[in-house]
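I opened a new structure today and kept notes as I went. The entries below follow the order in which I looked things up.

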Amino acid sequence: MPVTVLVVIAGYLIGSVPFARILARRFGIGDLRRIGSGNPGAATVLRTSGVRAAVTVMLLDMAKGAGSVLLAQRFDGGAVTAAAGLAAI
């Protein structure tokens, strides 16, 4: 398999880590999909557990996209970098 395909797959796998759900479980909130709007994201974490947890989720979510792009730049540039970033989203 070409390196470019592996980089995009890695970007997808990095982006699939549900930090909001992981941190919600750590802070004892429970299943975010059953609370509020049902969207397991930083806004729901903010409403249920406060600013510190929400900022942590936002930073980790931004790091997923940045990490995918940095990984793609290391192995291959150009369109692969954009594809890895989109795959993380």
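**Entry 1: one residue to begin with**

I started at Thr44, which is found in helix H3, residues 42-49. The model is a predicted one, and I kept that in mind throughout. Is Thr44 buried or exposed? I found 2% relative accessibility, so Thr44 counts as buried. Next I looked up its contacts, leaving out residues up to four places away in sequence. Thr44 touches Leu32, Ile35, Ser37 and Asn39.

**Entry 2: the whole chain**

I then stepped back to the full protein. I counted five helices and zero strands. Along the sequence the pattern reads α-α-α-α-α. The C-alpha atoms fill a box of roughly 40 × 20 × 20 Å along the principal axes. The protein has 89 residues, and buried ones make up 27% of them. I also checked contacts with a separation of 6 or more: residues 24 or more positions apart account for 47% of these. The exposed area is about 5600 Å², and carbon and sulfur atoms supply 65% of it.

**Entry 3: the core**

Which residues form the largest nonpolar core? I listed 10: Ala20, Leu23, Ala24, Ile29, Leu32, Ala42, Val45, Ala53, Ala54 and Val57. Helix H2 (19-26), H3 and H4 each give two or more residues to this core. I picked out Ala42 for its contacts. Leaving out residues up to four places away in sequence, Ala42 touches Ala54, Val57 and Met58.

**Entry 4: helix H4**

H4 came next. I noted 25 residues in H4. From first C-alpha to last, H4 reaches 36 Å, close to the 36 Å expected at 1.5 Å a residue. Which residues of H4 are buried? I wrote down Ala53, Ala54, Val57, Lys64, Ser68 and Ala72. What covers them includes helix H1 (3-15), H2, H3 and helix H5 (79-88).

**Entry 5: a lysine on the buried list**

Lys64 caught my eye, so I looked up why it is listed as buried. Its relative accessible area is 12%, and buried means under 20%, so Lys64 qualifies. Its place is in helix H4. Leaving out residues up to four places away in sequence, I found that Lys64 touches Ile14, Gly15, Val17, Phe19 and Ala88.

I then searched for salt bridges and the count came to one. Lys64 forms a salt bridge with Asp61, and the closest N and O atoms are 3.3 Å apart. Why are these two separated by about one helical turn? Lys64 and Asp61 are three residues apart in helix H4, which accounts for that separation of about one turn. I checked the partner too: Asp61 has 32% relative accessibility, so Asp61 counts as partly exposed.

**Entry 6: a patch on the surface**

Last, I turned to the outside. Which residues make the nonpolar surface patch of about 560 Å²? I noted Leu46, Val51, Val55, Met58, Leu59 and Met62. Helix H4, residues 51-75, gives the largest share of this patch, with five residues. One patch member I checked was Val51, which lies in H4. Val51 has 56% relative accessibility, so it counts as exposed.

**Entry 7: what I keep from this**

My closing note is on H4. Its residues Ala53, Ala54 and Val57 are among those in the largest nonpolar core. H4 also gives the largest share of the nonpolar patch. The Lys64 and Asp61 pair lies in H4 as well.

Terms used: Residues numbered from 1 in each chain as written. Predicted model: local features only at pLDDT ≥ 70, side-chain atom pairs only at ≥ 80, totals over all residues. Heavy atoms only, no water. Patch = residues over 30% accessible without salt bridge, like charges linked within 9 Å, V, L, I, M, F, W, Y side chains within 5 Å. Areas by Shrake-Rupley, 256 points an atom, 1.4 Å probe, with all protein chains shown as cover. Salt bridge = Lys/Arg side-chain N within 4 Å of Asp/Glu carboxyl O. Helix = DSSP H or I, 4+ residues; strand = E, 2+ residues; numbered from the N terminus. Buried < 20%, exposed > 50% of the residue type's maximum accessible area, 1.4 Å probe, protein only. Contact = heavy atoms within 4.5 Å. Core = buried A, V, L, I, M, F, W, Y, C linked by side-chain atoms within 4.5 Å. Expected span 1.5 Å × (residues − 1).
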